Amino acid sequence: MAGLALLIWLVLIIAAVILTAVIGTRWLARLLQEIDFWPEPSPGPAGPPTCPGCSYSLYYATDRRCPECGRHFDVKEVDMRLAEWDGNILRPREPQNMDQQARS
Ligand SMILES: [Zn+2]
């Protein structure tokens, strides 16, 4: 009889531990999302366009191919904030906004 009671207690304790772990994990994950504990990585300051494969500068690259390692690149996967693709060559972006501000 004592053995059965001990077994029931053991099952209840194990069930309580599992339930607490599952509920606690979900609650903790929701809390961490709410307080933005793991925020989205920010793009950071603009830098020159670099090869996703070898980080070589892609300024004046033609054929959308890295001049260093030969990797084909897509302008969508390159930081284009300081560069523009004119259809043939990746060149530094003209500072048009600064020009317009100086004129007005
Ligand atoms: Zn490369």
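**Figure 1. The largest nonpolar core of the predicted model has six residues.** The residues of this core are Cys51, Leu58, Ala61, Cys66, Ala83 and Leu90. The model itself is predicted, not experimental. One core member, Ala83, touches Pro49, Tyr59, Leu90, Arg91, Pro92 and Arg93, leaving aside residues up to four places away in sequence. Leu90, a partner of Ala83 in that list, is itself part of the core. Across the chain, buried residues make up 7% of the 104 residues.

**Figure 2. The chain contains two helices and two strands.** From start to end of the sequence, the pattern is α-β-β-α. Of the contacts with a separation of 6 or more, 35% join residues 24 or more positions apart. The average pLDDT of the chain is 85, and 88% of the residues score at least 70. Confidence is highest in strand 2 (residues 90-92), at a mean of 94. It is lowest in helix 2 (residues 96-103), where the mean is 54.

**Figure 3. Helix 1 is hardly covered by the rest of the chain.** Helix 1 takes in residues 2-34. None of its 33 residues counts as buried. The C-alpha atoms at its two ends are 47 Å apart, which agrees with the 48 Å that 33 residues should span at 1.5 Å a residue. An α-helix has 3.6 residues a turn, so residues three or four places apart point the same way. After helix 1 comes Asp36, which has a positive phi near 55 degrees.

**Figure 4. Tyr60 and Arg64 both have positive phi values.** Tyr60 is located in the loop between helix 1 (2-34) and strand 1 (83-85). Its phi is near 70 degrees, a positive value in a residue other than glycine. Tyr60 is exposed, because 11 other C-beta atoms lie within 10 Å and the limit for an exposed residue is 12 or fewer. Arg64 also belongs to the loop between helix 1 and strand 1. The phi of Arg64, likewise a residue other than glycine, is positive and near 50 degrees. With 14 other C-beta atoms within 10 Å, Arg64 is partly exposed, since this count falls between the limit for exposed residues, 12 or fewer, and that for buried ones, 20 or more.

**Figure 5. Glu77 and Cys51 are separated by 9.0 Å, C-alpha to C-alpha.** Along the chain the two residues are 26 residues apart. Glu77 sits in the loop between helix 1 and strand 1. It is exposed, with 10 other C-beta atoms within 10 Å. Cys51, by contrast, is a member of the largest nonpolar core.

**Figure 6. Leu82 and Arg93 are 5.2 Å apart, C-alpha to C-alpha.** In sequence, 11 residues separate the positions of Leu82 and Arg93. Leu82 is part of the loop between helix 1 and strand 1. It counts as partly exposed, with 14 C-beta neighbours inside 10 Å. Leaving aside residues up to four places away in sequence, Leu82 touches Ala46, Pro48, Pro92 and Arg93. Pro92 and Arg93 are also among the residues that Ala83 touches.

Note on methods. Residues are numbered from 1 along each chain as its sequence is written. This is a predicted model: local features need pLDDT of at least 70, side-chain atom pairs count only at pLDDT 80 or more; totals for chains, interfaces and linings use all residues. Helices (H or I, at least four residues) and strands (E, at least two) are DSSP runs, numbered from the N terminus. A nonpolar core is a set of buried Ala, Val, Leu, Ile, Met, Phe, Trp, Tyr and Cys residues joined through C-beta atoms within 7 Å. Two residues are in contact if their C-beta atoms, placed from the backbone, lie within 7 Å. The expected span of a helix is 1.5 Å times one less than its number of residues. pLDDT is the predictor's confidence in each residue, from 0 to 100.
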